[in-house]
Structure formats: structure tokens, C-alpha cells
Amino acid sequence: MLLALAALVSAPQQATTPAPQLLRWAETTESLVAEPGDQFGHTLAGGGDRAVVNAWQRAGGGGADVLRWTGNGLVHEATLTPAGLTPGAMCGITVDINDTGDVAVLASQGDDTNGSNAGAVHVFRRQGTQWTEEAKLLAPDGAASERFGGAVAVGEVGVVIGAPGVVVA
């Protein structure tokens with residue numbers, strides 16, 4: 001399966017070339033981690049020299065993979081699969097990684113901890129090239145069909161999480 005991830009590299013500027021700089025595709029990679037039906041690459045995010053790429057329909061409940069830019073290409077660094085994941089969890093349906101590439105979040109809209117499809121968000125942290133699950137976040141008042149994790153964003157000091165199924169009265 002070909003993954004259309006690529007790095008954008010600044011092209012040399014000529015004195016007569018106005019800003020902004022021209023960009024060109026520098027690299028593509030063939031995925032060694034995806035299987036047919038994984039939905040690999042449906043959602044992805046980049047931070048630092050890393051990208052987190054979802055595979056929300058991977059057997060066992062989903063997940064994501066971390067790819068690292070080496071300067072010569074992308075290499076597979078880690079497969080992120082939360083503990084206790086169940087089939088149908090849709091883990092990785094949305095993903096994000098912080099700007100430094102050391103914290104990744106994966107949403108599991110099909111998580112049933114707070115009710116059917118209430119949702120959860122899994123936080124992974126990197127030390128060197130090792131990734132460890134740090135937390136499973138649940139809505140404090142979560143309920144069935146809220147789909148906590150419908151959108152995720154991670155910054156340097158926190159995570160923002162959407163729940164598109166929440167009904168506000």
C-alpha cells in the first residue's frame with residue numbers, strides 16, 4: 001500500500017524570485033505497517049520530525065503508527081495500540097501530535113466505557129524512540145453516543161477534545 005506522505009522542502013531561491021518560497025515534494029514512502037482495510041492514512045498529523053498516521057479499522061479495535069523523518073526518508077518508529085482495546089473501538093479515527101513530536105493522541109469514538117460509543121482519547125508520550133501510553137481520557141459526564149474524541153488537538157500544555165454527539169440543552 002502506498003502512503004502519500006511527503007516532506008515539503010524549500011527550493012533554492014533566486015534573487016528575482018518573490019516570497020513565498022517554492023516548495024517541492026521530496027519523499028514518498030511505501031507503508032510496511034498497513035493491511036488492506038485498516039483505513040491507514042485516513043487521518044494524520046505531523047509534529048517535529050514525526051507523523052502519526054491512523055489505522056482506525058485495524059484488527060483488534062484500531063490504532064496508529066508513528067513515522068519519523070530521518071533526512072533521507074520516512075521510517076516506521078512505533079505502532080500505537082492502547083491497552084484493553086476492543087473490536088469496534090475505532091481507535092485512531094482522529095489523531096494529533098504536538099509540535100515537538102513527543103505527545104500523540106488517538107481518539108476511540110467507539111469506546112464503550114461510559115456507554116455505547118461514548119468515546120475516549122488515548123495519550124501516548126515519547127522518550128527517545130519509545131512510545132508509552134500515558135492516559136486514557138474519558139468525558140467526566142460521558143454518556144452513550146457522545147463520540148468523545150470526534151476531534152482532537154494536542155498542544156504543549158493540554159489536549160482539546162470534541163464530542164459531536166453531545167446534546168446541549
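A salt bridge is counted here where a side-chain nitrogen of Lys or Arg lies within 4 Å of a carboxyl oxygen of Asp or Glu. The structure is a predicted model, in which local features need pLDDT of at least 70 and side-chain atom pairs count only at pLDDT 80 or more, while totals for chains, interfaces and linings use all residues. Residues are numbered from 1 along each chain as its sequence is written, and side-chain values use heavy atoms, with hydrogens and water left out.

**Salt bridges**

By this rule the count comes to 7 salt bridges, including the three in the table.

| Acidic residue | Basic residue | Closest N and O atoms |
|---|---|---|
| Glu77 | Arg50 | 2.8 Å |
| Glu77 | Arg68 | 2.9 Å |
| Glu134 | Arg125 | 2.6 Å |

Glu77 sits in strand β8 and Arg50 in strand β6 (residues 50-55), so their salt bridge ties together parts that are 27 residues apart in sequence; strands (E, at least two residues) are DSSP runs, numbered from the N terminus. With a relative accessible area of 14%, Glu77 is buried, and Arg50 also counts as buried, at 8% relative accessibility, where buried means under 20% relative accessible area, exposed over 50% and partly exposed in between, computed with a 1.4 Å probe on protein chains only. Arg68, the other partner of Glu77, is partly exposed at 25%. Asp49, Arg50, Arg68 and Glu77 are linked in a network of salt bridges. In the pair formed by Glu134 and Arg125, Glu134 is partly exposed with 46% relative accessibility, and Arg125 is likewise partly exposed, with a relative accessible area of 35%.

**Nonpolar cores**

A nonpolar core is a set of buried Ala, Val, Leu, Ile, Met, Phe, Trp, Tyr and Cys residues joined through side-chain atoms within 4.5 Å. The largest such core has 15 residues, of which Val52, Leu80, Ile97, Ala104, Leu106 and Trp131 touch the most other members. Two or more residues are given to this core by each of β7 (64-69), β8 (74-80), β9 (91-97) and β10 (103-108), and β9 gives the most, with 3 residues.

Val52 has, once its neighbours within four places in sequence are left aside, contacts with Thr43, Leu44, Ala45, Ala64, Asp65, Leu80, Val95, Asp96, Ile97 and Ala104, a contact being heavy atoms within 4.5 Å. Apart from the largest core lies another core, of 11 residues, among them Ile93, Val103, Val123 and Val152.

Key: Helix = DSSP H or I, 4+ residues; strand = E, 2+ residues; numbered from the N terminus.
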